[in-house]
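Hi,

Here is the structure I promised to pass along. Have a look at it first, and then read on for what turned up.

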Amino acid sequence: MSTTMKKLTNHYPLMPKVELSPGIMGTDLVIPDTGGGLSAHKIWIPPRIEYLRHQHPSPHLIFVLEGGGYFKFWNDGKETHHLLNPGDVFHTPQHVSHQVGADERGMTVIAVSVDAKPLTDPSRLIVVSEQRMSGYSLEDLIPLVHSHGILSHAFLRAFEGGTLTKEQVVEWLRQQFYFSISLPSTFAALYAKIPDKHWEAKRALIPLLEVEAWGSVDSGSHSQAFREIASYMNLDVDLLTNTEPKWYTREYIEARLSFCASPQRSVVEGVGAMGVANEILNLHLYRVYREGIHKISGLKDCPTAYFDAHLQDEQADFGIFASLCDVLAQSHQEQGRIRQAVIELLDQRVLFLDRLCADLGVK
């Protein structure tokens, strides 16, 4: 009986990274046509980012290469928690809910399974909500961000590829300033709209207001991080504060606010739209900005704290909106309205990007 040996690692440089969960990237090392029934993947988890809770249809072995974090799994309703460090190996049985996250070091792992499926196969991972009202979770709508088409927008491709000019990035950053300073008012409108009988759930929005509030000098505040990048770009933040945004930026900001403040919108529409079409979308957008900024001519030393702060915060922020949705979404009719609201706010963001491209001359 003869055995044929293959060197598989030569395939690795040819396989692009894909986004597996908000902020988390991976690439196939061994794929079905080379692995003989096995698949292997390398996965990068940024600092303080975790996978959504999920299951696999087949067992997995995970090898920690660098960094560290934790591994949680749930079996018969009982949660077990383990810390992870380089050299650790853990096993995830099939159909067992689990969650992996990185601490401040970030974490790189190799995942090996017997399902022989590439990372792009949607059947290899099943997202599971920790709390489901009538079998529904806001997490179920996360795939809308991928299927919508916004992530392949020309502006994002140009930013990630480094083909924008410094002047175009500066103008984008000006408009981003107005996105940032208006967001606390949007959250505040949503907070005011949530019935007081849900005070325990709605008070989770307060930390978001503290982090997002413009002018905060707290460590990790977005305004402090923005001032750093604005200074690098020679933008006067005080002057921006007293200047009006572009008309298309104003239109988007008003549309976003309407999802949370308009009496024609239900409170769950605002919660769902902000959770998915703002927080989850931002995870993707700020990853693009973070990866592309140093490729742009004249910006190789640009500070990235503004991008890093969003990548660190947005998934936890989404969890707040998901928990609110669990409390507030009580009917299938409301669930349909949430889905439609998410799509509509994504459409508004595409319209903004279209107009930004036309203004900046981005093809």
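Before anything else: this is a predicted model, so please read everything below in that light.

Let's start with the charged side chains. Arg227 is partly exposed, at 35% relative accessible area. Its side chain meets that of Asp238 in a salt bridge, with N to O at 4.0 Å. Arg227 sits in helix 7 (residues 222-232) and Asp238 in helix 8 (residues 237-241), so this pair ties together parts that are eleven residues apart in sequence. If you work with the cut-off, keep in mind that a salt bridge here needs the nitrogen within 4 Å of the carboxyl oxygen.

How many salt bridges does a search of the whole structure find? The count comes to 13, and two others deserve a closer look.

One is between Arg355 and Glu251, where the closest N and O atoms are 2.7 Å apart. That pair links distant parts of the chain, with Arg355 in helix 12 (residues 332-360), Glu251 in helix 9 (residues 247-261), and the two positions 104 residues apart. Both partners are partly exposed: Arg355 has a relative accessibility of 24%, and Glu251 comes out at 34%.

The other is the salt bridge joining the side chains of Arg337 and Glu269, at 3.1 Å from N to O. Arg337 belongs to helix 12 and Glu269 to helix 10 (residues 267-292), so the pair ties together parts that are 68 residues apart in sequence. Are these two partners buried or exposed? Arg337 is partly exposed at 35%, whereas Glu269 is buried, with a relative accessible area of 6%. The assignment for Glu269 follows because buried means under 20%. This pair also has company: salt bridges with shared partners join Arg265, Glu269, Arg337 and Glu344 into one network.

Now for the nonpolar side. Which residues make the nonpolar surface patch of about 310 Å²? They are Leu61, Phe63, Leu65 and Val89. Strand 5 (residues 60-75) supplies the largest share of that patch, with three residues. Leu61 is found in strand 5, and at 36% relative accessibility Leu61 counts as partly exposed. A patch residue has to have over 30% relative accessible area, so Leu61 clears that cut-off.

If you only open a few places in the viewer, I'd go for the network of Arg265, Glu269, Arg337 and Glu344, then the patch around Leu61, Phe63, Leu65 and Val89.

Cheers

How values were computed: Residues numbered from 1 in each chain as written. Predicted model: local features only at pLDDT ≥ 70, side-chain atom pairs only at ≥ 80, totals over all residues. Heavy atoms only, no water. Helix = DSSP H or I, 4+ residues; strand = E, 2+ residues; numbered from the N terminus. Buried < 20%, exposed > 50% of the residue type's maximum accessible area, 1.4 Å probe, protein only. Patch = residues over 30% accessible without salt bridge, like charges linked within 9 Å, V, L, I, M, F, W, Y side chains within 5 Å. Areas by Shrake-Rupley, 256 points an atom, 1.4 Å probe, with all protein chains shown as cover.
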